[in-house]
Amino acid sequence: MTDTATAPAVRDSSGDDIVLSAKGLVVEYPVPGKKPVRAVHGIDIELRRGETLGLVGESGCGKSSTGRALVMLPPPTEGEVMLGDLRLDGLSQKQLRKHRKELQLIFQDPISSLNPRRTALEIVMEPLTFLKHPKPKERALELLQEVGVDAAMAKRKPHQLSGGQCQRVSIARGVAQQPSVIICDEPVSALDVSVQAQVLNLLERMKDEHDLSLVFISHDLAVVKNISDRVAVMYLGRIVELAGSEDIYQHPRHHYTALLLSSIPQPNRPEKLQDVANEGEIATSPAPSGGCPFAARCPAATEICRTVMPPLAEITPGHRVACHHPIPVEAEPDLRSAS
Amino acid sequence: MTVEPILEVKDLRIQFKTPQGIAEVVNGVNLSIAPGRVHGLVGESGSGKSVTARAVLGILPRNALHKREGSVRFAGEEILGLSEDEMRKRIRGRRIAMVFQDPMTALNPVMRVGKQIVLPMRRHLGINGKEAKARAIDLLGQVGIPDPEEKFKVYPHQLSGGQRQRIMIALALSCDPELLIADEPTTALDVTVQAQILDLFDKLRRERNLAVLLVSHDLSLIAERCDEVSVMYAGRVVETGSAISTFEAPQHPYTKALEEARPSLENPPHTVLRTIPGRPPQLTDLPHGCSFANRCPRMTELCLDVDPPLEPGPAGRPVACHHPVAGPDEPLGVSVTAAKERIS
Amino acid sequence: MSFTTKTTSQRTVVPGSPPIGGRGLLGRSRKGVPPWAVTISVGWLVLLMAGALLLPVLPLPDPSRSDYAAIMAPMFSPGHILGTDEVGRDILARLLSGAQVSLFVGVASIALAVVLGAPMGILAGYFGGWANRFIVAGLDIVLSFPNLVALIALSLFLGPGLWTIVVGIGIIASAPVARVARSATLTFVNRDFVTAARGMGFGHARIIVREILPNVVVPVLAYAIVVIAVAIVAEASLSFLGLGIQPPDASWGSMMGTGRAKLTQAPHIVLLPAFTMALSILAINFLAEHFAKRFDIKESAL
């Protein structure tokens, strides 16, 4: 794109490596006649330039709410969101709109994310015409070409495309405004395995070619591991563990992470892994006493876990965990011993 | 296998009438499950795995053309030609039970869960209400529902997704079936709940000598939880045999490609995944030779002309391929079309 | 007569909703209107419109002039192919003259209803909250009024006449049109593509016009076509009661109203306009259904 005049303030702040961050992020949803439901309980999160940060957890853990709050759609109930040096919360709608193009979203449902009455080409042209691109049609076709949608297919409407093709169109639309961050909310969960691989490879390639930083939200740990540099595991609205992708899968320190990993279907599972206790279900709200939300299911829970919320603390360089009794590194089950 | 199979499907063919023409949805499928075994049926959407499972129970959509081709033998009896009435009275729910992906659509939303379990028991087993209730509560306990007495009285929407699926399983087990068909039973569930439900299947088949037909799109799930597996593609079984061996040493290029397309915890981050170029063929217009040929890196002239039969391959398990993968270390190869796809 | 209790009123096919269950008149609404019914419907309406427009040049007697030599002439009389009424006016000419009124009232009042109702509904659905509550309350008030009574009151207040009917029906019908527009908007406003549009920095006006409107147009128009039929019935009802089109101008309703005294001697005076109206309404309903099906996007096709 040519309009360098409106080059974002963020890209000038090269001294700092953080492209998007949030502090004390709280997301609540109003419930008619009741107390609002708190989906995210005051988390801190930082996205470094050029990295892919995975957000992983089970349904209701607040990963999607976090992702949406990071792009102010809707804005968080509390907490601050920083796009580089720019504080997004507190901006007026009008001011915020000017910076929206820096942050894009890609959704799970390939159908719902595209306007059913528009062709793929029109969908990708829309953000370009909005930014007064001189040649929106040419640029849109170029972008579609880049994601593997040819000119003939660009004339089709979403319901005439396959799920994978729809996601490609979404990606093309997402990069059209040259954002610095894309939040991918379960972008491959609705796709078949072989199509999923195509879209994941495409995302990796687009990230490199368009200098993107990604937040990748998924319930699928294998997918998250493959695409992420760092991974944050969420449980009931909190980050319980945050570490490098390889590190967290090899040395899970939180008992919930260990349970998640042991639950992934894996042929030839080492026998010792099957012993991870898996009982009970995710509660809908944390313990009223204010303790660790996982305490009720945790095999290592003690009295302190039920009363005191463990803070997310760095226990080895780059590895943060919120647990009073983290799994010691030696006893940790080696998931890769199978191979 | 020395035990008589409880279910034997031979050369099953099912066609659907669609606006585009006749779709060959299931195209000569063979299956055999012994009591106490779990047989996995794996494939991507449109492979015909769900339709195969449903055909066993005789529950097909209205646009299915019932040609009664092939045979479905259950406990020695041919059930493919049975009337709807007979299926309902003697087989469905009574001797073959089914668990669906979405328990919310399978459970009656305005009926208490206890009653939903009691009703079929009274009808099929002819026991009185009190006895049925006692058995239902016992069953709820067996499938891992806490406070079964309490949960007996609730409505489906008051339960979590995992609990609803447990209710579905209790319902399926209520008449002590010999075969359980589970169609993507855990796809809508969280991974920890999925593990619990699959553990439950394990326990049930051990305790009750239950045969299970487990349908899933997840190859690693099938490999972990099943004894045997059949990999389906475009309405056909392309590879079958022991689950672990199929996973470790796939013989069919499709199985192998599927495995390499799936991100694995064993690979480091940013591993480039294998993609399968193209799309599955239109079921209304199946190609002459092998259905996978146009996407296969090993394709030759022969594949376009002759549809490969399901015959023992290099690993001894049946495979429908002219150029099967010889061993786990042999690379699949990259075809010209696949290479093109990589570049673009 | 009511704008909302007709079974057709909720037959808005919002894309993405499952096909409407139940059986239509031809027992196959699930598959849409059969082509022959569409052809006949279109043919009938085209014939009616052509007749109405060409009435001044057609070789027919003046619709309001009495032929005293042929009072209550039966059908197929010489010079009066469909006979004459109780004061000797040519029925065919009056039917076509009535068609002018009916079609004009139908189209004009519904155009007014769409212009008034659709923006209200879209705004209520899009913004929700305060705007939604305010608009919905207003709609409920309009909808809770007995429509015919309201129209009679209006016609007594403003004086009976064509424009009174158009404005009255237009205002009353704008409420259900707004409702349809609102519910269609609601099905789209939370779709991810609208969120994506907001995420790209689009303002509300651009989102409404470019993302919401193209999706709301089809269900609203499909519904509007149905309401044309209802408006025709409303006009006929008023004219039947003598509160609509005033003599000597012809309307299907007033033809039935004045002819009913002679029902036993000359039933064709009442039956012909009744039959014409019934056929027209049936044709319009078929077209509305066909239109909705035609533009329904089968999103489940994936």
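Is Tyr235(A) buried or exposed, and what is its relative accessible area? That was my opening entry today, and I kept in mind that this is a predicted model.

**Entry 1: Tyr235(A)**
I looked up the accessibility and found Tyr235(A) buried, with a relative accessible area of 2%. The cut-off for buried is under 20%, so Tyr235(A) falls within it.

**Entry 2: its ring partner**
Next I went through the aromatic pairs; there are 11 over all chains. One of them joins Tyr235(A) to Tyr256(A), with 4.4 Å centre to centre and 50° between the planes. I noted that pair as tilted. Tyr235(A) sits in strand 9 (residues 230-235) of chain A and Tyr256(A) in helix 10 of chain A, so this pair ties together parts 21 residues apart in sequence.

**Entry 3: Tyr256(A) and a third ring**
I checked Tyr256(A) too: it is buried, with a relative accessible area of 0%. Tyr256(A) also pairs with Phe294(A), and here the centres are 5.3 Å apart and the planes stand at 65°. Why did I write this one down as edge-to-face? Planes over 60 degrees apart count as edge-to-face, and these are at 65°, so the label follows.

Phe294(A) comes from the loop between helix 10 and helix 11 (303-307) of chain A, while Tyr256(A) is in helix 10, so the pair links parts 38 residues apart in sequence. Phe294(A) is buried, as is Tyr256(A). I've put Tyr235(A), Tyr256(A) and Phe294(A) down as one aromatic cluster.

**Entry 4: where chain A meets chain B**
Then I turned to the interface. Chain A brings 46 residues to the contact and chain B brings 41. I have the area buried between the two chains as about 3600 Å², with carbon and sulfur atoms giving 50% of it.

How many salt bridges cross between chain A and chain B? The rule finds one. In that bridge the side chain of Arg262(B) meets that of Asp220(A), at 3.1 Å from N to O. I also wrote down 15 residue pairs in polar contact between the chains, counting pairs with both residues at pLDDT 80 or more.

**Entry 5: what chain A offers to chain B**
Which helices of chain A each supply at least two residues to the side that touches chain B? I listed helix 7 (193-209), helix 8 (221-227), helix 9 (245-250) and helix 10 (255-263). Helix 7 gives the most, with 10 residues. Sorted by class, this side of chain A has 16 nonpolar, 16 polar and 14 charged residues.

**Last jotting**
Helix 10 of chain A turned up twice in my notes: it holds Tyr256(A), and it is among the helices supplying the side that touches chain B.

Definitions and conventions: Residues are numbered from 1 along each chain as its sequence is written. Chains are lettered from A and ligands numbered from 1 in the order in which they are written. This is a predicted model: local features need pLDDT of at least 70, side-chain atom pairs count only at pLDDT 80 or more; totals for chains, interfaces and linings use all residues. Side-chain values use heavy atoms; hydrogens and water are left out. Contact means heavy atoms within 4.5 Å. Buried area is the accessible area (1.4 Å probe) that two parts lose on being put together, summed over both. A salt bridge is a side-chain nitrogen of Lys or Arg within 4 Å of a carboxyl oxygen of Asp or Glu. A polar contact is a pair of N or O atoms within 3.5 Å; within protein, one must be able to donate a hydrogen and the other to accept it, and residues adjacent in sequence count only if both atoms are side-chain atoms. Helices (H or I, at least four residues) and strands (E, at least two) are DSSP runs, numbered from the N terminus. Ala, Val, Leu, Ile, Met, Phe, Trp, Tyr, Cys and Pro count as nonpolar, Asp, Glu, Lys and Arg as charged, and the others, Gly among them, as polar. Rings of Phe, Tyr and Trp (its six-membered ring) pair if their centres lie within 6.5 Å; planes under 30 degrees apart count as stacked, over 60 as edge-to-face and the rest as tilted. Buried means under 20% relative accessible area, exposed over 50%, partly exposed in between (1.4 Å probe, protein chains only).
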